[in-house]
Amino acid sequence: MRRGLFISLEGGEGCGKSTQASRLKSSIESAGYKVILTREPGGTWLGEQVRRLIKDQSDDIPCARAETLLFLAARAQLVEKVIRPALEEGVWVISDRFSDSTLAYQGYGRGLDLEELAKANDFACSSLKPDITFLLDAELEESVNRRLEREKKLNSSADRIELEGKEFHSRLREGFKELAAKEPARFTVIDANASIDEVQERIWTRLKPLV
Ligand code: TMP
């Protein structure tokens, strides 16, 4: 049986990843493939607990290394229990964020060593990497507006990472772009300032030859 395709979507806050991930799932299903959509942190019981911890507004903020290890624990569990078994059964997997988020947020954003993080990522995923990664790149102002709109719609509030300053967010935006430049065969950078339909179309243009 042919192994499934592993696709990740990456980007800063409010870049529209989650909307695109669910639209992409529908397009792949319409093309006749089995596909699952998962997210990071999340997708397993452990991962959802990590998500809750990360989003929690506590005064006892995890240090950068502790924060990294939480994401890595969630990733290890997701790879072992969900992603790898699905791919082996020929099912496609879309992940809303994956290992590049750790390099961008904890590396470029928090300043941890990129090589150490890459090794830790490798350990957590037992070397699994996405086949294709879409980087949704949006202007910071656009991202903040989208995030505020989403919060209004869901009646929610920003979490600790979303509330980091402009410098943090521009560091991680540049970081994502650097990661994409280093692996042009895996990454497709999409201008996420465009409309939702246009972004969806651009993602599908890249994937169409593979379905
Ligand atoms: P989101 O997927 O709803 O954007 O929430 C996940 C948050 O966690 C987001 O702020 C990015 C952050 N994050 C990291 O800092 N490192 C990681 O490795 C992952 C997967 C997420």
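Trainee: How many helices and strands does the protein have?
Mentor: This is a predicted model: local features need pLDDT of at least 70, side-chain atom pairs count only at pLDDT 80 or more, and totals for chains, interfaces and linings use all residues. Residues are numbered from 1 along each chain as its sequence is written, and side-chain values use heavy atoms, leaving out hydrogens and water. Helices (H or I, at least four residues) and strands (E, at least two) are DSSP runs, numbered from the N terminus. The protein has eight helices and five strands.

Trainee: In what order do the elements run?
Mentor: Start at the N terminus and read along the chain. The order is β-α-β-α-α-β-α-α-β-α-α-β-α.

Trainee: What box do the C-alpha atoms fill?
Mentor: Take the box along the principal axes of the protein. The C-alpha atoms fill roughly 50 × 35 × 35 Å.

Trainee: Which residues are closest to the ligand?
Mentor: The shell holds residues with a heavy atom within 4 Å of the ligand. In this model, 14 residues surround the ligand. The closest are E13, R51, R75, T102 and Q106.

Trainee: Which element gives the largest share of that shell?
Mentor: Elements that give two or more residues are α2 (45–55), α3 (64–88) and α4 (99–109). The largest share is four residues. Those four come from α4.

Trainee: Which side chain has a polar atom 2.8 Å from a nitrogen atom of the ligand?
Mentor: Set aside the partners of ligand oxygen atoms. R51 has a side-chain N or O atom 2.8 Å from a ligand oxygen, and a polar side-chain atom of R75 lies 3.1 Å from a ligand oxygen. The partner of the ligand nitrogen is Q106.

Trainee: How much of the ligand's accessible area does the protein cover?
Mentor: On its own, the ligand has 480 Å² of accessible area (Shrake-Rupley method, 1.4 Å probe). The protein covers 95%.

Trainee: Where is the cis peptide bond?
Mentor: Most peptide bonds are trans. Here omega is about -10 degrees for the cis bond. One partner, P41, is found in the loop between β2 (35–39) and α2. The bond joins E40 and P41.

Trainee: What is the phi of S126?
Mentor: Most residues other than glycine have a negative phi. S126 is not a glycine, yet its phi is positive. S126 lies in the loop between α5 (114–124) and β4 (132–137). Its phi is about 40 degrees.

Notes: A polar contact is a pair of N or O atoms within 3.5 Å; within protein, one must be able to donate a hydrogen and the other to accept it, and residues adjacent in sequence count only if both atoms are side-chain atoms.
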